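Got your viewer open? Here is a short walk through the chain, one selection at a time.

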Amino acid sequence: MYQAVSNRLNQIVALYYELVRNYPDKSLRLLAEIKKLRALQEFLLNCLIWEKQGKSFDSDIPDELEALI
């Protein structure tokens, strides 16, 4: 899942740069999506680390990411 989110994030960032160059005022929605995906990516990376350490992460899901998972 981490790899899928990272790939999607890379695609959206490339689109964002093109959009902000041509239509800076219309790029806010895409920027919000990038921020959500980066937060999800960071959380998934932490999950990988916690899993290797044998820690549980079920109850530590941030509220803003709950809807994304």
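**Start with the whole chain**

Of the 69 residues here, 22% are buried. Keep in mind that this is a predicted model. Switch to cartoon and you'll see three helices and zero strands, so to speak an α-α-α pattern when you read along the sequence. Turn on the surface: the accessible area is about 5,400 Å², with 52% of that belonging to carbon and sulfur atoms.

**Colour by confidence**

The chain's mean pLDDT is 85, and 80% of the residues reach 70 or more. Which helix has the lowest confidence, and which the highest? Select residues 63–66, helix α3, for the low end at a mean of 65, then residues 2–22, helix α1, for the high end at 93.

**Select 28–52**

This is helix α2, with 25 residues. From first C-alpha to last it reaches 37 Å, close to the expected 36 Å. Show sticks for I34, L37, L40, Q41, F43, L44 and C47, the buried residues of α2. Residues three or four places apart in an α-helix point the same way, because there are 3.6 residues a turn. Step just past the end of α2 and click G54, where phi is positive, about 80°.

**Now the core**

Select V5, L9, I12, V13, Y16, I34, L37, L40 and L44: these nine residues form the largest nonpolar core. Both α1 and α2 give two or more residues to this core, and α1 supplies the largest share, five.

Finish by centring on V5. Leaving out residues up to four places away in sequence, V5 touches L37, L40, Q41 and L44. Chain-wide, among contacts with a separation of 6 or more, 52% link residues 24 or more positions apart.

Technical notes:
Residues are numbered from 1 along each chain as its sequence is written. This is a predicted model: local features need pLDDT of at least 70, side-chain atom pairs count only at pLDDT 80 or more; totals for chains, interfaces and linings use all residues. Side-chain values use heavy atoms; hydrogens and water are left out. Helices (H or I, at least four residues) and strands (E, at least two) are DSSP runs, numbered from the N terminus. The expected span of a helix is 1.5 Å times one less than its number of residues. Buried means under 20% relative accessible area, exposed over 50%, partly exposed in between (1.4 Å probe, protein chains only). pLDDT is the predictor's confidence in each residue, from 0 to 100. A nonpolar core is a set of buried Ala, Val, Leu, Ile, Met, Phe, Trp, Tyr and Cys residues joined through side-chain atoms within 4.5 Å. Contact means heavy atoms within 4.5 Å. Accessible areas come from the Shrake-Rupley method with a 1.4 Å probe; for residues, only the protein chains shown count as cover.
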